[in-house]
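Open the model in your viewer and keep the sequence beside it. The tour below goes from one selection to the next.

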Amino acid sequence: MSLRASELKVGDAREQVLIDNLTRTQIVQYAGASGDYNPLHSDEMFTTQVAGYPTVFGHGMLTMGITGRLLTDWVGDGRLTHYGVQFRSQVWPGDTLTGTATVEAIRDESGAPLADLAVRVVNQRGETVLNGSATARLDP
Amino acid sequence: MAVERFPIEAGHVMMFARAIGDPNPVYYDEASARERGLEGIIAPPTFVQASAQFDPDYGLRPKIGEPWFGSGREATGVDRSGGGAGGGGGGTGLHAEQHYEYARPLRVGDVLSATVRPGQTWEKEGRRGGTMRFSESITEYRDQHGELVVTARSVGVLTSRTVEREEGK
């Protein structure tokens, strides 16, 4: 599936609950799949006693990965030309994350239509955990 | 991260898609991917991060026979009193930003290589983390034909003290 430029306008937005009650097990799953075994994400003893955090927390890249689905479910598979984020706040076990993607511009590049999107993810306290942008190829 | 050979493998892509909670069948089922007009199974947009698995020097993976800074009998397996990224001394290395530019999606069967170069460095005073030192690295992923497929720009930050979790969380 893919989006047509003619069906999309600036200001169109999609909001989706990306994760409800993040589990430590999912963080471990991400560590295993990505290869980032930083103990800060899975090792409670190290994280609390050595690094001084209250508990383990999610990889920023787990949040970016989860958020990618919001984009690809909307713009289609293999359509992104750009996806970039800033990690604004940590994501803790038990957090619920809601993402919003908003069309900021629709433009042509070498005759091909593109959509620029703003991306924002907030936790259950309304704090922004991720801010970013993406660009997707559209069908005419 | 510099990687000589990063094969895009079906099982790895499936596990990665599960880990990010994405049930889209284009990440594990060939027939579904083709029905949707793709040449085959593709990888999710952030999958290149998993090239860490193929980087022999990647620092955040325990190495066989080497001490690991995570806990075992003790809270850490190494003396990190000097501080440094990811551990002791109160300061911590964290991922601040990640940006990707895509020429095309990655497909199962691709074999990538990656080269990395440093970008800019800068400092900022943080409200919660003291002085924050940012550094950028740029990784170019090329396919088996030498074509650039993904450019990744990563920004890391070292804080001079541990970021506090706010009250009531």
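Begin with the two helices called α1, one in each chain: α1(A) passes α1(B) in a left-handed crossing. Keep in mind that this is a predicted model.

To find the pair, select residues 24-34 of chain A, which form helix α1(A), and residues 10-19 of chain B, which form α1(B). How far apart are the axes of α1(A) and α1(B), and at what angle do the helices pack? The axes lie 8 Å apart, and the angle is about 155°. Because angles over 145 degrees count as roughly antiparallel, α1(A) is roughly antiparallel to α1(B).

Now show the side chains where these helices meet. On α1(A), select Gln26(A), Gln29(A), Tyr30(A), Ala33(A) and Ser34(A). Their counterparts on α1(B) are Met15(B), Phe16(B), Arg18(B) and Ala19(B). Colour this contact by class and it shows 5 nonpolar, 3 polar and 1 charged residues.

Next, widen the selection to everything that touches between the chains. Here 43 residues of chain A are in contact with 46 residues of chain B. On the chain B side, the elements that give two or more residues are α1(B) and β2(B), the latter covering residues 92-102. Which element gives the most to this side of chain B? The answer is β2(B), with 9 residues. By class, the side of chain B that touches chain A holds 21 nonpolar, 17 polar and 8 charged residues.

Hide chain B and look at chain A on its own. Its secondary structure consists of 3 helices and 5 strands. Following the sequence, the pattern is β-α-α-α-β-β-β-β. The C-alpha trace spans about 55 × 30 × 20 Å along its principal axes. Chain A has 140 residues, and 49% of them are buried. Of the contacts in chain A between residues at least 6 apart in sequence, 66% join residues at least 24 apart.

Last, select residues 60-75 of chain A, which make up helix α3(A). Is this helix mostly covered or mostly open? Mostly covered: 15 of its 16 residues are buried. Check the length by picking the end C-alpha atoms of α3(A), which are 23 Å apart. At 1.5 Å a residue, the 16 residues should span 22 Å, so the two values agree. Then step on to Gly76(A), which follows α3(A) and has a positive phi, near 110°.

Technical notes: Residues numbered from 1 in each chain as written. Chains lettered and ligands numbered in written order. Predicted model: local features only at pLDDT ≥ 70, side-chain atom pairs only at ≥ 80, totals over all residues. Contact = placed C-beta atoms within 7 Å. Helix = DSSP H or I, 4+ residues; strand = E, 2+ residues; numbered from the N terminus. Nonpolar A, V, L, I, M, F, W, Y, C, P; charged D, E, K, R; others polar. Axes fitted to C-alpha atoms, helices over the stretch in contact; angles between N-to-C directions. Parallel < 35°, antiparallel > 145°, perpendicular 65-115°, else oblique. Left-handed = near helix turned anticlockwise from the far one by under 90°. Expected span 1.5 Å × (residues − 1). Buried ≥ 20, exposed ≤ 12 C-beta atoms within 10 Å, placed from the backbone.
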